[in-house]
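Reader: Good morning. I have just opened this entry and would like some help reading it. Could we go through it together?
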Amino acid sequence: MPIPGRRSLVRGFAFATTLVLHVGAAAAQDLRIDVRDVPLPAALAIVERQAAVTVIFADRLVAGRRATCRYEGDSVPDALACVLTGSGLVARESADRQYVLSAGRRVETRPLAGFVRDARTGEPLPGAHVVLPEPGIGLATSTAGFFSFAALEPGEHRVRVSFIGFAVLDTVLVTRPGPHFLSLEPRAIQTEDVIVETAASQRADLTLVPGLVNVPVSRLQQLPSSLGGQDLLEALKWLPGISRTSEVTGGLVVRGSGPDQNLYLVDGAPVYHPWHAFSLVSTFETESFRQIRLYRGSFPAEFGGRLSSVLDAELSDGRRTEPRAVASMSVLAARFLVESPITSTSSFMLAGRRSFIDRLIGRTHPVSDPSGRVDTLRTGYFFYDWSAKVALRPDKDSRFTASYYLAGDDLDLRLPFDLSLDRNSWMRPADLLFEVDEAWRNALVSLRFERLLAADWFLSANGYDVRYAADEGAFVQPSRTADVTSDYSVRLRDVGVSVDADHYRSLEHQLRAGASIVRRSFDSSVAALISYAPGVTDEIEQDTGSDAFEFSAYGQDVWRPEPRLHLVTGLRITHFSGGPFTRLSPRLSAQYAFHPSRLVVQAAVSRNNQFIHRVRDRHSFLYDLVSSRWVPSSRDVSPADGDQVALSVESRPGAGLEVRAGLYARRASGVLLPDDAFQDKDGLAGPGIETATLLSQYVSGEERSRGFEWETTLDRPDWLASIAYTWSEAENRQRDATSRWYRSRYDVPHALDVLLRRKGGAFSGSVSLSWRSGNVLTVPVARYFLEDPGGGPPTGYLYRPDLNNGRLPPYLRFDVELSYRFSGLGADWLVRAQIYNLFSRRNVVSRLYEPDELAVRQRDRRGLPRIPLLEVRMEL
């Protein structure tokens, strides 16, 4: 006897349709059911309509239940079973073409989990896409290359695994408590039998955070190299919203923020000064890393401590299959990399680099003038990098790594004050000169342990010791009678521990939580002898230091309320002992996939905090001639707090085409701005190195920026074309009631980067264009003179009421590159020739104004001319 129940409007419509379909209905119907996360009554109505049957149920049985099903066939019971999957309900035929729903036994589910690795090296592949074609769901692997579908029907499931630059893997996996291990073959060329994944062919809906750049190293190596060879941070500037503070030097500017607002991580440990050669070359050699993830503005709750971006870089584990050695020499530096298995469960990687700029230009230069004066100028400079990593898998569920990283610069200069790019103008004895003996060092040790506790639980623990040191010895003679001799040092040390856990609770929820504690030590000292005049001297000796603890905890949920919608909610709480200060940082991002590849829309809102500030003395020759200092938040200076909203649209319509567009707006308070933007280093003694004294040269300020980013990439087997455009505005103001907003020094309204690369085969090459608006500068509106009370000539001054009210001419540069690959002497060779600034356009990179009796004189400093570069690379 049918179970009584009431019918909804949906079922009433379906019932009416069923009466019509009963007329002349065939004994067997072709059924096509394709629903995703719809109310169960609606899915049942579809079955009723197509199969010309009646399904009877009580409303309480189906209330709140949803259905996901893809079925093609002619069996009504099978179609109903598909619709009812996971509901705990069963359908029984009670009469001709009539079915009754009832509660059945609990449906059993099992996990499907595993790791995705590089078949050639054995290393994990973070960010690989793992998709179940039947239900149409997918996810991206974690930093350990792990994936988990928590609750699937027991049995076999078709799986597709893909990663950029690797052959797509289609396989069948069985649900089980233990993990599967999947290996992808790296391929450079696509054939009829092998599909090679490109960025444009991947699904766009598996990257859940707007602004995330998750690019394999192999893709970054296709981008034009820098003056120092392959360079990770230089490659990132080809992305929209990212630039450098100067022509080829200076830190990264991400969405109009300062370089000190970027967090650089190597194997989970921070790097405070990731640059060599006055920021000409980064300390990150592209080839020594296995994966790079860059978060622009919106980053998950697990990251904190900076306002603008997070660069999360993982050193290579070393090959687990066969040894490999690489040696390379360019115009500026030589480098090597060795990686090899140690045992069947362990491997290592060792890489190093050393510049030979000092060998090219010489360390010492004897000079003389017609009067017989002689001197020896010095231009000694070199930089070096060392990175090493050992990876061990004690069992199939565990992984342990130990990483070491060291980067440093040594500078020895004795040069005249009137230094310029024209070498002949200053290679002579000088009355006014300076000597600098500088050394910077970054060193870190990182230990990481990862463990698969169960098919739906993954644990990661990390500990690190990071040290940054800068030593600055100087002799400065600003006048004929005065000079300064000083020794200045800066020390910063971080010792931290963090634990993170992932729980793949269900197909709808992926939970992540963690905690970390860091002890930071800040120390600096100076010892100086100041000679004001013959017989008039002063000795200065100062030391300062402070310690601070930072404790953070976070929780995050990746929620999939329905197949097309993903929500990532997170909350981070941080306590900093310097104030003390406690901050809450909520994070929220949403993604809706109108089509998994053709149209995906993302939005995010987040709050970030920064508890350390980078500053430098603006007065004295005693310290911070080249170096800068990090100071912790305290009673003297509050943390910086920032908010950002972002909206992006992504489409991968096929044929290797990938289009992204996005809007962002950000605002921050508590950032430090110079109290006097025109203050130059012109003093001898200076105010001192005490933190409070140094901070008195700055004021608390605000910054805001907004922008539009657009990127189009065409990635074909033999060609790569990319166009990236950015429109942006960036402004600052001091934090008081009377201050006005003015252009930030990082304000670049328009930027365009175009790249066309021919790849594949023995010869490859690229043509690239970089164009952007000129950097801001302050243009004086008048000049005036003050009489000297002693009867000397009047002193001229510039009247500059508005800061950053002008702009340099636009910047434009063309580069070309040609590479040739061949084999010989038992090795694979690559010869790369590059011409930097092909047309030798001398862009104006800075402009100085000087008052004159008749007018304000303008003096331009121009950028680099055409520079030919050559690199030879050998791989065994």
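Reader: Let me start with a contact. Which residue forms a salt bridge with Arg-399?
Author: Arg-399 forms a salt bridge with Glu-450, and their closest N and O atoms are 2.8 Å apart. A salt bridge here is a side-chain nitrogen of Lys or Arg within 4 Å of a carboxyl oxygen of Asp or Glu. Arg-399 sits in strand β27 (residues 398-416) and Glu-450 in strand β28 (residues 433-454), so the pair ties together parts that are 51 residues apart in sequence. Strands (E, at least two residues) and helices (H or I, at least four) are DSSP runs, numbered from the N terminus.

Reader: How many salt bridges does the rule count?
Author: The count comes to 62 salt bridges.

Reader: And what should I know about the model itself?
Author: This is a predicted model, in which local features need pLDDT of at least 70 and side-chain atom pairs count only at pLDDT 80 or more, while totals for chains, interfaces and linings use all residues. Residues are numbered from 1 along each chain as its sequence is written, and side-chain values use heavy atoms, with hydrogens and water left out.

Reader: Which domains does the assignment give?
Author: The chain is assigned domain 1 (6-103), domain 2 (110-199) and domain 3 (315-875). Those bounds come from an automatic or database domain assignment.

Reader: How do domain 2 and domain 3 meet, and what area is buried between them?
Author: Their centres, taken over C-alpha atoms, are 36 Å apart. The contact (heavy atoms within 4.5 Å) takes 25 residues from domain 2 and 24 residues from domain 3. About 2,300 Å² is buried between the two, with carbon and sulfur atoms giving 58%. Buried area is the accessible area (1.4 Å probe) that two parts lose on being put together, summed over both.

Reader: How many salt bridges and polar contacts are there between domain 2 and domain 3?
Author: The salt bridge count between these domains is zero. Six residue pairs across the interface are in polar contact, both residues at pLDDT 80 or more. A polar contact is a pair of N or O atoms within 3.5 Å; within protein, one must be able to donate a hydrogen and the other to accept it, and residues adjacent in sequence count only if both atoms are side-chain atoms.

Reader: Which strand gives the largest share of the domain 2 side?
Author: β9 does, with six residues. Both β6 (110-118) and β9 (146-152) supply at least two residues of that side.

Reader: What about strands in domain 3? Which ones pair with β53?
Author: Strand β22 (residues 324-330) pairs with β53 (residues 867-875) in the antiparallel sense over five bridges, and Met-329 has Val-872 as its bridge partner. Strand β50 (residues 827-836) also pairs with β53 in the antiparallel sense, over nine bridges. There, Trp-829 stands opposite Met-874. Two strands pair if DSSP finds at least two bridges between them.

Reader: In what order do the strands of the open sheet run?
Author: The five strands have the order β13-β20-β21-β16-β17, with mixed pairing. At the edges are β13 (212-216) and β17 (269-270), each pairing on one side only. Within the sheet, β20 (residues 289-296) and β21 (residues 309-315) are antiparallel over seven bridges, and Gln-291 has Glu-314 in β21 as its bridge partner.

Reader: One last topic, the backbone. Where is Pro-580?
Author: Pro-580 is in the loop between β33 (565-576) and β34 (581-595). The peptide bond from Gly-579 to Pro-580 is cis, with omega near 0°.

Reader: And what is the phi of Ala-52?
Author: Phi of Ala-52 is near 55°, a positive value in a residue other than glycine. Ala-52 lies in the loop between α2 (40-51) and β2 (54-56).
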